[in-house]
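Student: I should like to learn how to read a structure of this kind. Could the tutor please guide me through it?

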Amino acid sequence: MKGEILIKNAKLADGRGEHGSADVLIGEGRILSLTGGDASTVLDATGKVLSPGFFDPHAHLREPGQEVKEDLQSGLTAAAKGGYTDVVSMPNTSPVVDSAEIVRALKEKAAQIGRARLHPAAALTQGQEGKILSEARLLREAGAVMLTDDGRTNEDAGVLAQGLQYAASWGLLVSVHAEDAGLRRGGVMHEGKVSFRLGLPGNPAYAESARIARDLEVVRYVIQGPGMEALRSGKSLLHIQHLSTRRGLELIRQGKQDGLPISTEVGPHHLTLTDEHLESLNPIYKVAPPLRTRTDIEALVEGLLDGSIDCVGTDHAPHTQDEKELDLLRAPFGIPNLEVAWPLLYTELVLKRGFPLPILIERFTDGPRRVLGFSPIHLTEGAEASLVLWQPNNQRPVEPSAFASKAKYSPWEGWMLQGWPVLTLVEGRRVFASEPLL
Ligand SMILES: [Zn+2]
């Protein structure tokens, strides 16, 4: 059998488990064989691990209109470097992604760039103003995979209920930034001991849990409507973005036990950093929702382990250096993390805490794919060759100056991590290769 790339001696690990070493022959966009064969390019992957490509359900790539922060070229290159083959982009751009034309234009441009694949999310409401629903059917036909007003909160529960019904009828998932705007107010960090000591406006954990509680009641209401049973068919209708609190997790876990069609994600920062980092007053730690406490981290890790949390979503949210260097009150929320998410969580969860590797891989691959209605990718003959090869042993520090993202800063700067991707393939095509492999 003749292929294009032969990856020799790679250890295989996917969402189902670890499968020992194999010689993986790739051609025609697929895994042709796991027992070798002829290929024009042969790579020795001894000591490296081959996994399905990562899928990010939540990234801000800032195009159109905010290219000073990030654009498709830099964002999708950063994603490929981070081992991601697929990225869902958020629609809170300028203009907002609320029309089929913009969705199509984004998809066409991303295809030309040829790095990670782009799956645009579109706005749930026109202009993300929370009033008039956008055209779910047209957005779906243009290639949108999700409807969300992320960047903003959905204050009107009636609009959310209608949006869920409408989106479900066109097979679209709705995702929400679940924070109660009234409880959050002007909070710039988690409300607790640290915010009180610093005298900074706090954002209480209850801003998130109160909104999740309301949204779950909206889902309970919506699924009782006529015809909804057939539309659900086991899929998630409502996805709660960037979960940050123990209390929010408890509500979601209960909702899932009650059979609600819901899903959720957690970000790398909410699993590794706490509000105590804000003691430095450095806005590099300013994210929305805010960094919480050690107790929240423990609960979120447990939720990721037991499946209450379906997937890891980066919430990659780049801003310019100038914006991020404003004082803590004025600096915008968000950090870039597409390029560190995998090595960070591999190091901090798998290596340091014994979190099972296949489960972490599942939360980066099958989990998000399932939430969004995509087929899983497993390492079997005939599978789509959208894959990442990564290095479990080589330790190296996070170096933001080398980021492909335009945002060249990181709260993890200098952290020594393992698990760095060295090769990312999208349907057998190299979209990232570290230098020794070029
Ligand atoms: Zn958000």
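**The metal site and the two domains**

Tutor: In this predicted model, a zinc ion is coordinated by Asp150 (OD), His177 (ND1) and His242 (NE2), at 2.0 to 2.2 Å.

Student: What spacing do the donors of the zinc ion follow along the chain?

Tutor: The spacing of these donors is D-x26-H-x64-H. Aspartate 150 belongs to the loop between strand 9 (146–148) and helix 4 (157–169), whereas histidine 242 belongs to the loop between strand 13 (238–240) and helix 9 (246–257). The pair is 92 residues apart and links distant parts of the chain.

Student: Are aspartate 150 and histidine 242 buried or exposed?

Tutor: Both aspartate 150 and histidine 242 are buried.

Student: Into which domains is the protein chain divided?

Tutor: Domain 1 comprises 2–50 + 382–437, and domain 2 comprises 53–371. Their C-alpha centres lie 26 Å apart.

Student: How much area do domain 1 and domain 2 bury between them?

Tutor: The size of an interface is often given as the accessible area lost when the parts come together. Here, domain 1 and domain 2 bury about 3,500 Å² between them, with 65% of it on carbon and sulfur atoms. Lys406, Tyr409 and Trp412 supply 23% of the area that domain 1 buries against domain 2, more than any other three residues.

Student: How many salt bridges are found across the interface of domain 1 and domain 2?

Tutor: The rule finds 3 salt bridges across that interface. Arginine 117 also deserves attention: this residue forms a salt bridge with glutamate 427, and their closest N and O atoms are 2.7 Å apart.

Technical notes. Residues are numbered from 1 along each chain as its sequence is written. This is a predicted model: local features need pLDDT of at least 70, side-chain atom pairs count only at pLDDT 80 or more; totals for chains, interfaces and linings use all residues. Side-chain values use heavy atoms; hydrogens and water are left out. Donors are N, O and S atoms within 2.8 Å of the metal (3.2 Å for Na, K and Ca); water is not among the atoms, so sites may look incomplete. Helices (H or I, at least four residues) and strands (E, at least two) are DSSP runs, numbered from the N terminus. Buried means under 20% relative accessible area, exposed over 50%, partly exposed in between (1.4 Å probe, protein chains only). Domain bounds come from an automatic or database domain assignment. Buried area is the accessible area (1.4 Å probe) that two parts lose on being put together, summed over both. A salt bridge is a side-chain nitrogen of Lys or Arg within 4 Å of a carboxyl oxygen of Asp or Glu.
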